[in-house]
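This briefing covers the ligand site and the salt bridges of one protein model. The points are grouped by topic.

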Amino acid sequence: MRQRTFSIIKPDAVRNGATGAILAEIDKAAFRIVAIRKQTISKPQAEGFYAVHQGKPFFDGLCDFMSSGPLVLMVLEKENAIADLRKLMGATNPANAEEGTIRKRFAASIQENAIHGSDGEDTAAFEIGYWFAGYELI
Ligand code: GDP
């Protein structure tokens, strides 16, 4: 069954000029880009997106980082999209990421780790709806 997931090319990767290379990896892995938008988000927008992490020690720094410069918001679609994107991303901490993953290639730290991908169906639905309107997802 085709499935949709939500992804962000994070500000570190955009700043480092890795946007094109990451999009090429996503394309090579046969995801359809349903919607895509480059944008700079505000800190309150980042706090709402990461509300599930509120109270964790890295929450404030994470929201500062996510609002520190342009990022790329995307809705991606393929069979098994959620798990396949997580695999392509690699572990949260790039030090633990497998060879060939996006985080292994492009991430510098556990916080500045190049890419976001939804971790389940419920989160994908929340995250897609947080950033995109229905008419943008046809
Ligand atoms: P993900 O699903 O692999 O992105 O990881 P999580 O949902 O656990 O965390 C969300 C984001 O918070 C990560 O992608 C990192 O940018 C950041 N993060 C997670 N854990 C840590 C941590 O221990 N320290 C710091 N500084 N940032 C973290």
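The ligand sits in the largest pocket of this predicted model. On its own the ligand has 550 Å² of accessible area, and the protein covers 77% of that. Polar contacts to ligand oxygen atoms come from Arg-86, Gln-111 and Asn-113.

**Shell around the ligand**
- The residues around the ligand are Lys-10, Tyr-50, His-53, Phe-58, Leu-62, Arg-86, Thr-92, Arg-103, Ile-110, Gln-111 and Asn-113.
- By class, this shell is made up of four nonpolar, four polar and three charged residues.

**Polar contacts with the ligand**
- Arg-86 places a polar side-chain atom 2.8 Å from an oxygen atom of the ligand.
- Asn-113 also uses a polar side-chain atom, which lies 2.9 Å from a ligand oxygen atom.
- Gln-111 takes part through its backbone, with a polar atom there 2.9 Å from an oxygen atom of the ligand.

**Salt bridges**
- The count of salt bridges in the model comes to 10.
- One of them pairs Arg-2 with Glu-77, and the closest N and O atoms of this pair are 3.1 Å apart.
- Arg-2 belongs to strand β1 (residues 2-9) and Glu-77 to strand β3 (residues 71-79), so this salt bridge ties together parts that are 75 residues apart in sequence.

Definitions and conventions: Residues numbered from 1 in each chain as written. Predicted model: local features only at pLDDT ≥ 70, side-chain atom pairs only at ≥ 80, totals over all residues. Heavy atoms only, no water. Near = heavy atom within 4 Å. Polar contact = N/O pair within 3.5 Å; in protein donor to acceptor, adjacent residues only side chain to side chain. Areas by Shrake-Rupley, 256 points an atom, 1.4 Å probe, with all protein chains shown as cover. 1 Å grid on protein atoms, 1.4 Å probe; cavity = no way out; pocket = protein on both sides within 12 Å on 5 of 7 lines; lining within 4 Å. Sits in = over half its atoms within 2 Å of the grid points. Nonpolar A, V, L, I, M, F, W, Y, C, P; charged D, E, K, R; others polar. Salt bridge = Lys/Arg side-chain N within 4 Å of Asp/Glu carboxyl O. Helix = DSSP H or I, 4+ residues; strand = E, 2+ residues; numbered from the N terminus.
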